[in-house]
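Let's take a friendly walk through this structure, beginning with its ligand and then turning to a few spots along the chain.

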Amino acid sequence: MLKININNITETEKVGYILGKLLTGGEVICMTGDLGAGKTTMTQSIAKGLDVDDYVTSPTFTIINEYQGRCPLYHFDVYRINDVDEMYDLGYEEYFYSDGVSIIEWADIIKEILPKERLNIEINKKDNIDNREIIIYGNGEKYINIIKLLSEKI
Ligand code: ADP
Ligand code: MG
């Protein structure tokens, strides 16, 4: 588990960018944190690290946005999902178990269908408006290795 104390948005972006650089495709990244915690901000910098040129925006109304970088990036925001069946209708398995990177905002809403092996990013707001606590942990060798490399680079 990696716990990072963040003082401003630039630091969040730096962590995201370095993480994005470490991704090789096939990863599932599950984000949790309140509204305004920084899930989309973090996703935007992960996308930069993945060499996505397009501007990444929150897919709140579409559930999923797709981008192309070094590999495909599937950006989910499941905040408005009422039933996990909506994820089946979307064909989520085609995305989660692909060579692309899947990032899921509000992942706890669909926890019953998340792959066992995944990277979890929890962003917690603090009293100071720009401060955050970011907790990163993973299941599976691939993710444990990513976290180790990330901790060495930040
Ligand atoms: P979420 O997707 O979790 O709802 P967003 O990334 O859309 O959150 O919004 C985060 C907001 O908080 C932005 O307005 C951003 O400028 C602000 N912010 C302030 N400090 C930070 C920080 N350290 N990390 C991320 N966002 C921050
Ligand atoms: Mg968001």
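How far does a polar side-chain atom of Thr 12 lie from a nitrogen atom of ligand 1? In this predicted model, the separation between the two atoms is 2.7 Å.

**Around the ligand**

Thr 12 is a good place to start, since Thr 12 is among the residues that come nearest to ligand 1, along with Gly 36, Lys 39, Thr 40 and Thr 41. The whole set around ligand 1 has 16 residues. Three of the contacts with ligand 1 are set out here.

| Residue | Protein atom | Ligand 1 atom | Distance |
|---|---|---|---|
| Thr 12 | polar side-chain atom | nitrogen | 2.7 Å |
| Lys 39 | polar side-chain atom | oxygen | 2.7 Å |
| Thr 40 | backbone N or O atom | oxygen | 2.8 Å |

With those contacts in view, how much of ligand 1 does the protein bury? Taken alone, ligand 1 exposes 570 Å², and the protein buries 74% of that. The space that ligand 1 takes is the largest pocket. Two elements give two or more residues each to the shell around the ligand: helix H1, spanning 9-22, and helix H2, spanning 39-49. Of these, H2 supplies the largest share of the shell, with three residues. And what does the shell look like by class? It has five nonpolar, six polar and five charged residues.

**Helix H2 and the loop after it**

Helix H2 also holds Ile 46. Is Ile 46 buried or exposed? Ile 46 counts as buried, because its relative accessibility is 0%, and the cut-off for buried is under 20%. Ser 58 lies twelve residues from Ile 46 in sequence, and their C-alpha atoms are 14 Å apart in space.

The loop between H2 and strand E3 (64-68) is worth a visit, and Asp 51 is found there. Its phi is near 65 degrees, a positive value in a residue other than glycine. Such a value stands out because most residues other than glycine have a negative phi. Asp 51 is partly exposed, with a relative accessible area of 37%.

Ile 63 has its place in the loop between H2 and E3 too. Phi of Ile 63 is near 70 degrees, again positive in a residue other than glycine. What is the relative accessible area of Ile 63? The value is 13%, so Ile 63 is buried.

Pro 59 is another resident of the loop between H2 and E3. At 1% relative accessibility, Pro 59 counts as buried. Which partner can we look at from here, 17 residues away along the chain? The partner is Phe 76, whose C-alpha atom is separated from that of Pro 59 by 6.5 Å.

**Between E5 and E6**

Our last stop is the loop between strand E5 (101-105) and strand E6 (118-125), where Asp 108 is found. Asp 108 is partly exposed, because its relative accessible area is 38%, a value that falls between the 20% cut-off for buried and the 50% cut-off for exposed. Measuring from C-alpha to C-alpha, Asp 108 and Asn 120 are 10.0 Å apart in space, while in sequence they are twelve residues apart.

Definitions and conventions. Residues are numbered from 1 along each chain as its sequence is written. Chains are lettered from A and ligands numbered from 1 in the order in which they are written. This is a predicted model: local features need pLDDT of at least 70, side-chain atom pairs count only at pLDDT 80 or more; totals for chains, interfaces and linings use all residues. Side-chain values use heavy atoms; hydrogens and water are left out. A residue is near a molecule or strand if one of its heavy atoms lies within 4 Å of it. A polar contact is a pair of N or O atoms within 3.5 Å; within protein, one must be able to donate a hydrogen and the other to accept it, and residues adjacent in sequence count only if both atoms are side-chain atoms. Accessible areas come from the Shrake-Rupley method with a 1.4 Å probe; for residues, only the protein chains shown count as cover. On a 1 Å grid over the protein atoms alone, a cavity is a set of points where a 1.4 Å probe fits but cannot get out, and a pocket is an open set with protein on both sides within 12 Å along at least five of seven lines; lining residues have an atom within 4 Å of a point. A molecule sits in a cavity or pocket if more than half of its atoms lie within 2 Å of its grid points. Helices (H or I, at least four residues) and strands (E, at least two) are DSSP runs, numbered from the N terminus. Ala, Val, Leu, Ile, Met, Phe, Trp, Tyr, Cys and Pro count as nonpolar, Asp, Glu, Lys and Arg as charged, and the others, Gly among them, as polar. Buried means under 20% relative accessible area, exposed over 50%, partly exposed in between (1.4 Å probe, protein chains only).
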